[in-house]
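Hi everyone, thanks for coming. Let me put today's structure on the screen, and then we can walk through it together.

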Amino acid sequence: MVTIIAAPPVFESVQPDLFSTPAAFVNAWADYDNDGDLDLFVGFNGTPNRLYRNDKGVFTDVAQQVGLADARATRAAAWGDYDADGDPDLLLGFAPGEPSVLRLYRNDRGKFYDASDRMNFKSNTGAVRQTSWIDYDGDGDLDLFVGFRDQPNRLFWNTSTGFTDIAERNGLNDPRKTVGAVWFDYDEDGDLDLYTGNMDGDANGLFRNEQGRFTDVAAEVGVEWAGRAPSDTGNGTVRPCAADVDGDGKLDLFAANYGKNGLFLNREGGRFEDASSTWGIAIDSRYDSCAFADYDNDGKIDLYVNGTVTGGSSYRDYLFHNTGTRFEDATPANIEALQADHGVQWADFDFDGDVDLAVTGSQTNGMHFLLRNTLPAADLKRSLQVKVVDDKGRSTRAGAEVRLYAAGTRRLLGVRLVDTGSGYDSQNDAPVHFGLPSGGAVDIEVIYPRAGKRTPAIMKNVNPRQGSAVTLRVQ
């Protein structure tokens, strides 16, 4: 049973005529033109893709003029600065068909050029799902993981001459039907581990990183089925998400499933506790994606779960409010009525201090709406955004953990994960957002798991500034 809270939040549609085109799958945020605000890429099901340039909260589709208007069915999108030149590049995954199902676009001062051939980066077959830019080996540049629904997964190692697929030699060439993935340091040993969501009755995988080689420990730590029925071919995990749900400083796992949703709290020793029922989240339905964010700036991280459309049924979406001990249904009526069924992303696109919601729908009567969060002015001020970059200011630190403490203390206010895979087969290059219910100065700590170390970078006595992002550099 899901408890309904008394006063649901209010979200208002932004430029509804512009964001009304149906049959969209993926969406992902990045500041592609380095002008200080977040822009939005949306991938469609065979009509030209769009890149919405954000100019102080007003959006314009510039995909055609910058070189991103592919008219191929697009199933994945990941932003990441693979060439470490200071701007985010874009990896796209297409539905099966010639030519390559993977395309790497290099960003050159706001124009995009196909670098796939030059970087030895192709795959002529395969049902692409999650793509993630991560530095798996801690050598300072971004490598690329690609999950496939119909063939073994791949890991492309970034070298000086291009990308080399090394999944077979390091244990990530998993042949199960992977549709979602998230990278995080679940055991806090100083390197990024991989959790994969698999379909059609395949168990999920939790691949522990051991000096660059990976071992599946999902069954050992209790997350192989993620709350759904074991070995049921009608069940599967479409989207795993990682966040500190209970505020203890450890990153927990949520699974948006075909079957009952699952919430697994990270406990001592790297084991997970099934809290799906006690947190009110074990709803048996069909879901395509999940996204965590503190939509009301109360300091606790909330959850959006996107129901799919399949078998002639449209499964409803949920916006869950985190009370600290369980999730309660806070879904506004206008969101419940949407035909959103795939992409979902949170971002403060207008820099007013709260996170806004972008969703997509794959149906011909669907949409790809952008919805502005309308928190009261007093609540907007109680927030902080943190952008994590490397020591040269480049966005190559996906998987970093951002921790906030009350200034001068070790009283933890929240933990956020720099995106390594989110929404529906997407990855953002964006600041992380914190709600700060009590306001006041904070200390920021960023832990970047790299080469077996978790050395923190710290910025002390930071006063929150409404809507603006603090930048913190880490080695």
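The largest pocket holds about 360 Å³ of space. By pocket I mean, on a 1 Å grid over the protein atoms alone, an open set of points with protein on both sides within 12 Å along at least five of seven lines; a cavity is a set of points where a 1.4 Å probe fits but cannot get out, and lining residues have an atom within 4 Å of a point. Grid points are joined across faces, edges and corners, and a volume is the space filled by probe spheres set on the points.

A quick word on where this comes from: this is a predicted model, where local features need pLDDT of at least 70 and side-chain atom pairs count only at pLDDT 80 or more, while totals for chains, interfaces and linings use all residues. Residues are numbered from 1 along each chain as its sequence is written, and side-chain values use heavy atoms, with hydrogens and water left out.

Back to the pocket. Its lining has 21 residues, and those nearest the centre are Asp31, Asn34, Lys387, Val389 and Ser395. The elements giving two or more residues to that lining are β31 and β38, and β38 has the largest share, with three residues. Strands here are DSSP runs (E, at least two residues), just as helices are (H or I, at least four), numbered from the N terminus. By type, the pocket lining divides into seven nonpolar, six polar and eight charged residues. For that split, Ala, Val, Leu, Ile, Met, Phe, Trp, Tyr, Cys and Pro count as nonpolar, Asp, Glu, Lys and Arg as charged, and the others, Gly among them, as polar.

So how do β31 and β38 sit together? Strand β31 (residues 383–390) pairs with β38 in the parallel sense, over six bridges; two strands pair if DSSP finds at least two bridges between them. One such bridge puts Lys387 with Thr471 in β38. Both strands belong to an open sheet of three strands, in the order β35-β31-β38, with mixed pairing. At its edges stand β35 (432–435) and β38 (469–474), each with a single partner strand, so one side of each is left without a neighbour in the sheet. From one strand to the next, the twist averages 30°, taken from axes that are lines fitted to C-alpha atoms (for helices, over the stretch in contact), with angles from 0 to 180 degrees between N-to-C directions.

Now let's go inside. How many cavities of 30 Å³ or more does a search of the whole structure find? There are three. The largest has about 560 Å³ of space. Its lining counts 32 residues, with Phe292, Leu417, Asp419, Asn428 and Val432 nearest the centre. Elements that give two or more residues to this lining are β18, β22, β28 (344–347), β33 and β35. The lining of this largest cavity divides into 20 nonpolar, eight polar and four charged residues.

The second largest cavity has a volume of about 150 Å³. Of its 19 lining residues, the closest to the centre are Ser395, Ala398, Val418, Asn428 and Asp429. Here β31 turns up again, giving the most to the lining with three residues.

Two of the strands I just named, β18 and β22, bring us to the disulfide. The count comes to one, where a disulfide is a pair of cysteine sulfur atoms within 2.5 Å. Cys241 is joined to Cys290, with 2.2 Å from S to S. Cys241 lies in strand β18 and Cys290 in strand β22, so the pair ties together parts that are 49 residues apart in sequence. Both cysteines, Cys241 and Cys290, are buried; buried means under 20% relative accessible area, exposed over 50%, and partly exposed in between (1.4 Å probe, protein chains only).

Strand β19 (residues 252–260) pairs with both of these strands. With β18 (residues 236–243) the pairing is antiparallel over seven bridges, and with β22 (residues 284–293) it is antiparallel over three bridges. Eight of the nine residues of β19 are buried.

Last, two loop residues. Lys56 and Asp425 are not glycines, and each has a positive phi near 55°. Which of them is buried, and which exposed? Lys56, in the loop between β4 (50–55) and β5 (58–61), is exposed, with a relative accessible area of 83%. Asp425, in the loop between β33 (412–417) and β34 (426–427), is buried, at 1%.
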